[in-house]
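Colleague: Got a minute for this model? I'd like to go through the helix packing and the cysteines.

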Amino acid sequence: MRCQPFAKVMDIYSRLENNLGHEGEDSFAVVHVGANDTANVMTIVMLSRGKCGLSKCVTRYLVAMAVADLLVIINDVILFRIKEYYFPNNFLFLTPVCSFQTALNHALSDISVWLTVAFTFDRFITICYQKLRTKYCTEKTAAVIIGTLCPLFCSKNIPWYFAFEPYFILDNVHWICRVKPDCYTSAAWVAFAWIHRCFTPLLPVFLILLLNSVTVGNILAASRVRRRLRGSKCDANHNDPEMENRRKSIILLFAISANFILLWMTYVLFSLSMQITNRYYSTGFNDPMFIADQTSYMLLLLSCCTNTFIYAVTQTKFREELKNGVKYPLKLIFKLVKRGQ
């Protein structure tokens, strides 16, 4: 392989990808880029304006989650998955760059997932511990937590950079990356892979389910108490501003949590089965393992854009801001056309 021209190397690599059934990934990835990037950019702009009726603490978390999701799409889809289709023969195929991208993908996914956990925990404190809420649920605390999670999980995923070796060598330059065989047999790498799976997403799924179940129990108990105090069982929730605010907060929290769990569940099950059966390769496009792998990753990437639609469904003011954001460029274009006439 050492003496082959790079164009021929890329041709062999492309044929290998097609033989494995990856020929449909480019269109799938492009659709994800358009939908996800647009949704996340709109979310960041709308929430940053501070006119969606959310507290500054909640806004901090939601903006951070949208930024993390946007970076996942940029790095994982644009720079990693569709590069061989639209950006051939560039530095992105260098083994060090490819290894760095993979490590960064893991770090960004971890950050996105654990920001969801942090947001869930913030809502848990807000609803279940009223006295602690004034100290913990603040914009400053949210900024500290976000600032801690980012470097923490970037450091955690540094070992992934060293898990790859060059696929081809041309003029002493390493091109493309593949997993080292030692990563499948070494006790240290196997342990690291299990720890990685536990941190993302097994532990987050468990924590989100636990926190939400406790939160639901607390809300139901508080609702019964408030109804008895108000002396009405029919119109208490309708006339009670506190319960109305809690209801909206819980709808947003549960929608985000349920979205995360449902879209990650296939990936969780696939990862566990792969580790348990010790099978890491698929034999072709029709291999159930390949189908499960691609489906789980598709749903994982889909989770990076669905939060925008959740906000639109659950938050009235966000819908209003979204409508204004869509109308503004149309009005601007209409005015320019009118002036031109």
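Modeller: Sure. Start with helix α5 (residues 95-128) and helix α7 (residues 139-156): they pack at an angle of about 145 degrees, with their axes 9 Å apart. Keep in mind that this is a predicted model.

Colleague: Which hand is the crossing of α5 and α7, left or right?

Modeller: α5 passes α7 in a right-handed crossing. From α5, the contact uses Ala 107, Asp 110, Ile 111, Trp 114, Leu 115 and Ala 118. α7 brings Ile 145, Ile 146, Leu 149, Cys 150, Phe 153, Cys 154 and Lys 156.

Colleague: How do the residues of that contact divide into nonpolar, polar and charged?

Modeller: Eleven are nonpolar, none polar and two charged.

Colleague: On to cysteines. Which ones does a disulfide join?

Modeller: Cys 98 and Cys 177, with S to S at 2.0 Å. The pair links distant parts of the chain: Cys 98 sits in helix α5 and Cys 177 in strand β2 (residues 173-179), 79 residues apart. Both Cys 98 and Cys 177 are buried.

Colleague: And why is that disulfide left-handed?

Modeller: Because the torsion about the S-S bond of Cys 98 and Cys 177 is about -40 degrees.

Colleague: Back to α7. Why is there no bond from Cys 154 to Cys 150?

Modeller: Their sulfurs are 6.7 Å apart, so they are too far for a bond. Cys 150 is partly exposed, at 27% relative accessibility. Cys 154 is also partly exposed, at 37%.

Colleague: Last one: what does the secondary structure come to overall?

Modeller: 14 helices and two strands. Of the 341 residues, 46% are buried.

Notes:
Residues are numbered from 1 along each chain as its sequence is written. This is a predicted model: local features need pLDDT of at least 70, side-chain atom pairs count only at pLDDT 80 or more; totals for chains, interfaces and linings use all residues. Side-chain values use heavy atoms; hydrogens and water are left out. Axes are lines fitted to C-alpha atoms, for helices over the stretch in contact, and angles run from 0 to 180 degrees between N-to-C directions. Helices (H or I, at least four residues) and strands (E, at least two) are DSSP runs, numbered from the N terminus. A crossing is left-handed if the near helix is turned anticlockwise from the far one by less than a right angle, and right-handed if clockwise. Contact means heavy atoms within 4.5 Å. Ala, Val, Leu, Ile, Met, Phe, Trp, Tyr, Cys and Pro count as nonpolar, Asp, Glu, Lys and Arg as charged, and the others, Gly among them, as polar. Buried means under 20% relative accessible area, exposed over 50%, partly exposed in between (1.4 Å probe, protein chains only). A disulfide is a pair of cysteine sulfur atoms within 2.5 Å.
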